[in-house]
Amino acid sequence: MDRPRKPTLDTVAGVVGVSRATVSNAYNRPDQLSAALRERIMETAATLGYAGPDPVARSLATRHSAAVGFMLGQELSASFSDPALSVVLDGLASTVDGHDHTLVLMPGRDRGGPRRETVARAQADVVVAYSLPSDAPAFDAVRARGLPLVVIDQPVLDGTARVEVDDAGGARLAASSLRSLGHRHVGVVTFALHPDGHSGPVTPERAATSPFRVTTERLHGYLDVVGHGAPVWECARSSRELGRQGARELLSSPTRPTALLCMSDELAFGALQAVRDLGLRVPDDVSVIGFDDVPAAEHADPPLTTVRQPLAEKGRRAGELALRLLDGGRPDEPTRLGVSLVQRASTAFKP
């Protein structure tokens, strides 16, 4: 027995008594129809079992995928353990989804970004890069395909749209607050300076050759205030466990710091635990400051003093720029968002 044929756009048009173009507009250009006519078309389609135009066929016909590619520095498991990224991604996704675009995630490896081949095959009309090193191979594929590019945070590339925050200014705010509290011996816990998986003390040479703009600017902002002789510990990733290990190393030195500047809230949460591990108290013995102001910061024990950056707005701005480039717009000057210091209970006057 022959199987019944799948309903098509023409099937719906015949039942409703309208043209094929009118049914197509009900899905692709609903503003061209009255609400009543569109509702009648959609109800008929549901009754017939017609799910709508085939997105693959539509992309072949238009040579557009209606998708925004999102390039990540690390694999998905590491990326989504970062609460700051989650907030940024939510802002981006809500913006592009509101304009009937989908988001295609392209995970990276070892903070080096996606493979060149992944980007070359991705069905995307525009790409958003999140905090990648300047020499990431993925950018070769973006350039080869001629795709519009939006960068969040880093790297700095000519002719691309970019959204960033005042990283150096935020770092100076945090360091200056500790100086005003009387702290003169301050340690720094930083995330990766290079995509090589290294964790350990930082030499001036290693800091000077970092391909990560955000890490470099925050580190310079801290050291410009507390002094370039301050001890610095690098963590291969922004994770609580690595922040805990790095903070323990700094606090176990003969000249123990009285305060720690942590380059992310995740690192700072680990530092809070490290202080407890050593039988010390925050902020009585050691003050701790983070960077980001993720939702968990105000609920930490004690509540975390941190630099607030507008994470959701950063994602929304990146989404707006991506949509503008899709419409034929050109990149403007980089969008720089402000930061502020949020004073909570993890800092106090030098003991």
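The paragraphs below lead through a predicted model, beginning with the whole chain and moving on to its sheets, helices and some single residues.

The protein contains 14 helices and 13 strands, and its C-alpha trace spans about 85 × 45 × 40 Å along the principal axes. Of its 351 residues, 50% are buried. If we consider contacts between residues at least 6 apart in sequence, we find that 71% of them join residues at least 24 apart.

Let us turn to the sheets. One of them is an open sheet of six strands, arranged in the order 2-1-3-4-5-12 and paired in parallel. Its edges are formed by strand 2, residues 102-106, and strand 12, residues 335-337, each of which pairs on one side only. From one strand to the next, the twist averages 20°. For a closer view of the pairing, take strand 4 (residues 149-152) and strand 5 (residues 161-165), which are parallel and share three bridges; here Ile 152 stands opposite Val 163 of strand 5.

Helices lie across this sheet as well. Helix 6, made of residues 83-97, lies across strand 1, strand 2, strand 3 and strand 4, and it runs at about 145° to strand 2. Helix 14, made of residues 311-326, lies across strand 1, strand 3, strand 4, strand 5 and strand 12, and its direction is at about 170° to that of strand 5.

Another open sheet has seven strands in the order 7-8-6-9-10-11-13, and its pairing is mixed. Strand 7 and strand 13 stand at the edges with a single partner strand each, so one side of each has no neighbour in the sheet. Helix 11 (residues 213-226) packs on this sheet, where it touches strand 6, strand 8, strand 9 and strand 10, and its direction makes about 180° with that of strand 6. Helix 13, in turn, lies across strand 6, strand 9, strand 10 and strand 11, running at about 160° to strand 10.

Within the seven-stranded sheet, strand 10 deserves a careful look. How many of the six residues of strand 10 are buried? Six of the six are, so the strand is largely enclosed by the rest of the structure. In a regular strand, side chains alternate between the two faces of the sheet. In strand 10, Ser 287, Ile 289 and Phe 291 point one way, while Val 288, Gly 290 and Asp 292 point the other way, and all of these residues are buried. Strand 9 runs parallel to strand 10 and is joined to it by three bridges; Leu 260 stands opposite Val 288, and Leu 261 stands opposite Ile 289.

Helix 12 shows how burial can be arranged around a helix. This helix covers residues 240-251, and its 12 residues reach 16 Å from the first C-alpha to the last, close to the 16 Å expected at 1.5 Å a residue. Its buried residues are Leu 242, Gly 243, Gly 246, Ala 247, Leu 250 and Leu 251. When the helix is viewed down its axis, these buried residues fall within an arc of 160°, so they line one face of helix 12. What do the buried residues of helix 12 pack against? Their partners are strand 6, strand 8, strand 9 and helix 13.

A single residue can also connect several parts of the chain. Phe 191 lies in the loop between strand 6 and strand 7, and it counts as buried because its relative accessibility is 12%, while the limit for burial is under 20%. Its C-alpha atom is separated by 6.9 Å from that of Thr 215, although the two residues are 24 apart along the chain. Apart from its neighbours within four places in sequence, Phe 191 is in contact with several residues, including Val 214, Thr 215, Glu 234, Cys 235, Met 263 and Leu 267.

One of those contacts, Cys 235, leads to a last topic, the cysteines. Why do Cys 235 and Cys 262 not form a disulfide? The sulfur of Cys 235 has its closest cysteine sulfur in Cys 262, at 8.4 Å, which is too far for a bond, because a disulfide needs the two sulfur atoms to be within 2.5 Å. Both residues are hidden from the surroundings in the sense of being buried, with a relative accessible area of 1% for Cys 235 and a relative accessibility of 0% for Cys 262. A search of the whole structure likewise finds zero disulfides.

Terms used: Residues are numbered from 1 along each chain as its sequence is written. This is a predicted model: local features need pLDDT of at least 70, side-chain atom pairs count only at pLDDT 80 or more; totals for chains, interfaces and linings use all residues. Side-chain values use heavy atoms; hydrogens and water are left out. Helices (H or I, at least four residues) and strands (E, at least two) are DSSP runs, numbered from the N terminus. The expected span of a helix is 1.5 Å times one less than its number of residues. Buried means under 20% relative accessible area, exposed over 50%, partly exposed in between (1.4 Å probe, protein chains only). The arc is that of the directions from the helix axis to the C-beta atoms. Contact means heavy atoms within 4.5 Å. Two strands pair if DSSP finds at least two bridges between them. Axes are lines fitted to C-alpha atoms, for helices over the stretch in contact, and angles run from 0 to 180 degrees between N-to-C directions.
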